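Walk through this structure with me, one region at a time. Keep the coordinates open as you read.

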Amino acid sequence: MVCGCSALLPLPNPRPTMPATPNFHANPSSTSRWIPRQPMPVAWTSVQKTSALLWLLLLGTSLSPTRGQAKIPLETVKLWADTFGGDLYNTVTKYSGSLLLQKKYKDVESSLKIEEVDGLELVRKFSEDMENMLRRKVEAVQNLVEAAEEADLNHEFNESLVFDYYNSVLINERDEKGNFVELGAEFLLESNAHFSNLPVNTSISSVQLPTNVYNKDPDILNGVYMSEALNAVFVENFQRDPTLTWQYFGSATGFFRIYPGIKWTPDENGVITFDCRNRGWYIQAATSPKDIVILVDVSGSMKGLRMTIAKHTITTILDTLGENDFVNIIAYNDYVHYIEPCFKGILVQADRDNREHFKLLVEELMVKGVGVVDQALREAFQILKQFQEAKQGSLCNQAIMLISDGAVEDYEPVFEKYNWPDCKVRVFTYLIGREVSFADRMKWIACNNKGYYTQISTLADTQENVMEYLHVLSRPMVINHDHDIIWTEAYMDSKLLSSQAQSVMLLTTVAMPVFSKKNETRSHGILLGVVGSDVALRELMKLAPRYKLGVHGYAFLNTNNGYILSHPDLRPLYREGKKLKPKPNYNSVDLSEVEWEDQAESLRTAMINRETGTLSMDVKVPMDKGKRVLFLTNDYFFTDISDTPFSLGVVLSRGHGEYILLGNTSVEEGDCKGDEKGGRKEEGSLYSFAKALSTKYHEHGILRQQTCILSQFWRREVPSQVLERPCSPQSLQGSPHSPLPDLGASGLHDLLHPDLALASDWIYCITDIDPDHRKLSQLEAMIRFLTRKDPDLECDEELVREVLFDAVVTAPMEAYWTALALNISKESEQVVDMAFLGTRAGLLRSSLFVGSEKVSDRKFLTPEDEASVFTLDRFPLWYRQASEHPAGSFVFNLRWAEGPESAGEPMVVTASTAVAVTVDKKTAIAAGLLSIIAIIIKLILTEYLQCGNFLKALLSKR
């Protein structure tokens, strides 16, 4: 665990004069950052604030004077603290190189421009890009629907069909003799990065069945045989759109065909519990939204196993409901009572929270008395009628689920009053137990109210029998051939990949129903199944590039029910021991729960209503796991994503978020009018811009004199003549540190430094489409794009341009940091571990001042420490903190490890500062600088905080 506090240290004057002792007060936003009550000269602000920090440390030490000794004068402690503050400031300024980098951006100020961000235009552009991406997924699913319906039309059912297929559980399995088991032939599997590094077969699909479905049942064999026609469509879809992930067909008979083919692993009990028909995407696509009232008989005749089966039946029905459905449960015997009194007389949304709540209440049901069904039916019809008239609920299908052992009477008058002759409410009856004497009554109720009757005599029968109502509700869709497209809420499909390796990314599914088109069955409305494809929400959010949103900005998605699909503050997992597990309600988090300042729910209401607009709110933004908070004013821009139930929001913070810094491309006008390549003039190309940019600034002497010692530095094998000559592009060719291509005279060698990196989560170039590109890092892909060695690469030209600009401007930092490192001759001078900078384009440069084995905090600036690196959702914590303070000020964070395993480890301090650029009175953050200081704190603790003896000696000399 890492704990910490922070302090602010602005720029001092080089020649201070001692001011009077100031008063200090605590800043409410941080318990350890101190601000003087009266304005003080900038020259001494740094010393005073650091003095305050050290002063607190001193006061916490045991300095009780012994008898006969004078108390320590306050002025003495203050002088000591001021001296330390000045030394600390000078150290971090020196090793960070902040003054040099500020000067370099100042030198190129004429080539910079700062543009105001149009939030509405930005959110509309992102929305259009997302709409186009999602439309391609819909087209792939439509292709599968057409192929499946055509295959069924041409297939004749064969009761005695014998057919071998690739069973996902049995593939590659062998018997004791070494032969492949039945349905378990050899199936080639290769790890594929596009599918979370799972071993898959991208040339063919495989078929999974739950344990309770016989894999050679005639219905299964005929369905699997018919759906073989989907293999060619799976492959064609993937070739047409390589961003597609899993494609599948879930059959109404229970089998699940998935592409690419995978090996399915049973649970620890050897059971396959996954049933595609229970999945949200299947249920939502197979039926329309519905209002349901469940009536359960709790009379004395329902005791024992019957009540157990009845409870399981209710739970199974609840599992078939989704966010677009509405439900309530009424228990009846001598009288009617709602199992949740708070929901009396209403229907509630069947979201995950309500469903789980109902399940808990169902388990508490007790049996007694005599069952009187007419009162319960009357109550159910009245609720449904009221909601229909008030235009509430789903505004679509309505149904009553009657669960009883059949001892019912006096029901016909109720139907005459409320449901006949139109039968707008379907009634489904479930006869519980083996007794059949009351079967006729239950069957009559269902058949005379457009419902379905079934008998459930064992727990094992529940699943199959409950699912039948879905087929009945889907009949109007089938007969009318309504292929509605549905999109699910966000979910993590842990069941899909069972115990295999999997990522924790959130998904949404697009799905469509598949109907029988045969003339002889069309009037019966036969649902064949559902086809679907997954969309990783992370990939969707990459279409809202992080660099366009400013330091504190972000984008988010929510559904038409108000639930979050993607948001930086959505944390769907919790840690249990060493394992990460999904939170129970991770996919039903409401927008108001993360944007809690929206007390009037203006933002939520507008986005649910699919409006386009903007509003502003003052917000408190927690950082560093809640240890710190920023007070910001955010502008919210929102619009809908056409042909989906989703809405997109973009947040820009006032100040830095209002502007975007751009390297002015006017350099092309004088330096790169275009060059002739094969008779074609490439005017304004990024290649020409890169060449001219680097050449121009190097010729003007604005940028660096870099030495070619970087790869040899820590071996101390530096020939003296190397130190005297600047690097040329040729001297970097064949570097063992980089496999990147020779950039020749283009000047792009500024990107080749081994300690230069790009934000790994950002999309500079699209590398996940072409298999040949998936092996490339973003930096490698960008350089291939700039050197035109791969014409098929697609890159974000604006982002690439800014990276290139930052690479050239920040290049002198390499030589500066290297010179500092070479001048460190003693271990006692190794007061800083590392210097590090990041730019608004996600470019990262770093330099070690100690050997890598001596770095105090090895997790810092690695993917393990997500808060310290550029991610898809956020800028690094140190970058965000520094951006909220004046340029030249340093923000200090104290980090130390706790626990017995870290005893004796030195404290680690990070010092960060922002480099700002002002053009035409507009200010934007160009970069952030960070120094990791470990040994200096160790020196403080050993030389300063062991001040008892020091001060005693000092006082004894008086």
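C765 and C795 are both buried. In this predicted model, the two cysteines are joined by a disulfide, with an S to S distance of 2.0 Å. A search of the whole structure finds one disulfide. The torsion about its S-S bond is about 100°, so the link between C765 and C795 is right-handed. Now place the two ends. C765 sits in the loop between strand 32 (756-758) and helix 20 (778-786), while C795 sits in the loop between helix 20 and helix 21 (797-810), so the bond ties together parts that are 30 residues apart in sequence.

Other cysteines give a contrast. C342 has a relative accessible area of 64%, so it counts as exposed. C447 is exposed too, because its relative accessible area is 57%. The cut-off for exposed is over 50%.

Go next to R845, a residue of strand 34 (residues 843-848). Is R845 buried or exposed? Its relative accessibility is 2%, so R845 is buried. The cut-off for buried is under 20%. The R845 side chain makes a polar contact with the side chain of T810, at 2.8 Å. Not counting residues up to four places away in sequence, R845 also touches a list of others, including D750, H753, D755, E814 and W817. L756, A807, A811 and F836 are among its contacts as well.

Now the nonpolar interior. In soluble globular proteins, nonpolar side chains tend to be buried together. Here the largest nonpolar core has 109 residues, and Y165, W281, L603 and Y636 have the most contacts inside it. Helix 4 (residues 119-153) supplies the largest share of this core, 13 residues. Apart from it lies another core, of 65 residues, with L756, F805, L861 and A924 among them.

Zoom in on L603. Which residues does L603 contact, leaving aside neighbours within four places in sequence? They are F556, L591, E595, D598, L615, M617, Y636 and F638. Two acidic entries, E595 and D598, appear in that list.

Q463 offers another buried site. It belongs to helix 13 (residues 462-480). Its relative accessibility is 17%, so Q463 counts as buried. Beyond its neighbours within four places in sequence, Q463 is in contact with D275, N278 and T316.

Turn to a sheet. Strands of a sheet pair through backbone hydrogen bonds, either parallel or antiparallel. One open sheet has three strands in the order 6-7-11, and the pairing is antiparallel. Strand 6 (190-192) and strand 11 (261-262) are at the edges with a single partner strand each, so one side of each has no neighbour in the sheet. Strand 7 (residues 198-201) is joined to strand 11 by two bridges. One bridge can be named by residue: N201 has G261 as its partner in strand 11.

Finally, weigh the confidence. The protein has a mean pLDDT of 79, and 77% of its residues reach 70 or more. Among the elements, strand 9 (residues 247-251) has the highest mean pLDDT, 97, and strand 3 (residues 24-26) the lowest, 32. Over residues 665-684 the pLDDT stays under 50, and the model has 35 contacts for that stretch beyond four places in sequence. Residues 947-958 are also below 50, with 15 contacts in the model beyond near neighbours in sequence.

How values were computed: Residues numbered from 1 in each chain as written. Predicted model: local features only at pLDDT ≥ 70, side-chain atom pairs only at ≥ 80, totals over all residues. Heavy atoms only, no water. Core = buried A, V, L, I, M, F, W, Y, C linked by side-chain atoms within 4.5 Å. Buried < 20%, exposed > 50% of the residue type's maximum accessible area, 1.4 Å probe, protein only. Helix = DSSP H or I, 4+ residues; strand = E, 2+ residues; numbered from the N terminus. Contact = heavy atoms within 4.5 Å. Disulfide = S-S within 2.5 Å. Polar contact = N/O pair within 3.5 Å; in protein donor to acceptor, adjacent residues only side chain to side chain. Pairing = 2+ DSSP bridges. pLDDT = per-residue confidence, 0-100.
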